[in-house]
Amino acid sequence: MRKECIDAFILEKKGLFRPLHARLLSKALESTPEDHLILLNKQPYKKTYVALLLSLFLGVLGADRFYLGDYLLGGMKLLLFTQAVGIALDLLIYSSDRVCLSFSLVILTVVCIAWVVTDFFLVMKRAQEKNLELLMPYV
């Protein structure tokens with residue numbers, strides 16, 4: 001593939017790949033056929049800012065994981081959140097065994113918050129890795 005086409009592709013997709021990946025991708029694309037550029041431009045790349053916003057506002061529901069295609073982890077985040085809400089509602093409405101339910105709610109809340117914060121800091125890197133995975137069959 002011509003160097004101008006590769007540079008234009010990398011520049012157009014800036015931010016979708018980590019800088020190190022962009023350099024490696026530039027070298028790898030030099031040996032690929034010219035017609036692969038059309039296929040590379042039509043790939044459904046994950047936008048890093050969308051993943052970050054989903055993680056910020058709907059991360060507790062697993063929306064960031066669903067967006068990136070990690071359906072199992074997204075479902076687990078959603079299930080963890082619904083369990084925490086269910087225990088909180090049970091505490092508010094029935095409050096039969098407060099100590100056991102309170103301890104469970106604290107544990108679930110801490111785990112949920114830790115997972116959401118961790119995902120918030122890693123979601124952009126994960127989106128860039130997903131984009132690189134989309135390109136690998138063509139390189």
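A salt bridge is taken here as a side-chain nitrogen of Lys or Arg within 4 Å of a carboxyl oxygen of Asp or Glu. The model is predicted, so local features need pLDDT of at least 70 and side-chain atom pairs count only at pLDDT 80 or more, while totals for chains, interfaces and linings use all residues. Residues are numbered from 1 along each chain as its sequence is written, and side-chain values use heavy atoms, with hydrogens and water left out.

**Exercise 1.** Determine which helices the salt bridge of Lys77 and Asp64 ties together, and whether its partners are buried or exposed.

*Solution.*
- Step 1: the side chains of Lys77 and Asp64 meet at 3.2 Å, N to O.
- Step 2: Lys77 belongs to helix α6 and Asp64 to helix α5 (residues 63-68), so the bridge ties together parts 13 residues apart in sequence. Helices are DSSP runs of H or I with at least four residues, numbered from the N terminus.
- Step 3: Lys77 counts as buried at 2% relative accessibility, and Asp64 is buried at 1%. Buried means under 20% relative accessible area, exposed over 50%, and partly exposed in between (1.4 Å probe, protein chains only).

**Exercise 2.** Place the salt bridge of Arg65 and Asp119 in its wider setting.

*Solution.*
- Step 1: the N to O distance of this pair is 2.7 Å.
- Step 2: Arg65 lies in α5 and Asp119 in α7, so the pair links parts 54 residues apart in sequence.
- Step 3: both Arg65 and Asp119 are buried.
- Step 4: through shared partners, salt bridges join Asp64, Arg65, Asp70, Lys77, Asp119, Arg126, Glu129, Lys130 and Glu133 into one network.

**Exercise 3.** Describe the two sides of helix α1 and the salt bridge within this helix.

*Solution.*
- Step 1: the buried residues of α1 are Cys5, Ile6, Phe9 and Ile10.
- Step 2: seen down the axis of α1, these residues fall within an arc of 130°, so they line one face of the helix. The arc is that of the directions from the helix axis to the C-beta atoms.
- Step 3: the buried residues of α1 pack against α2, α3 and α7 (98-135), where contact means heavy atoms within 4.5 Å.
- Step 4: the face turned away from the buried side carries the exposed residues Glu4, Leu11 and Glu12.
- Step 5: Asp7 and Lys3 form a salt bridge (3.6 Å, N to O); both lie in α1, 4 residues apart, about one turn of the helix. Asp7 is partly exposed at 38% relative accessible area, as is Lys3 at 43%.
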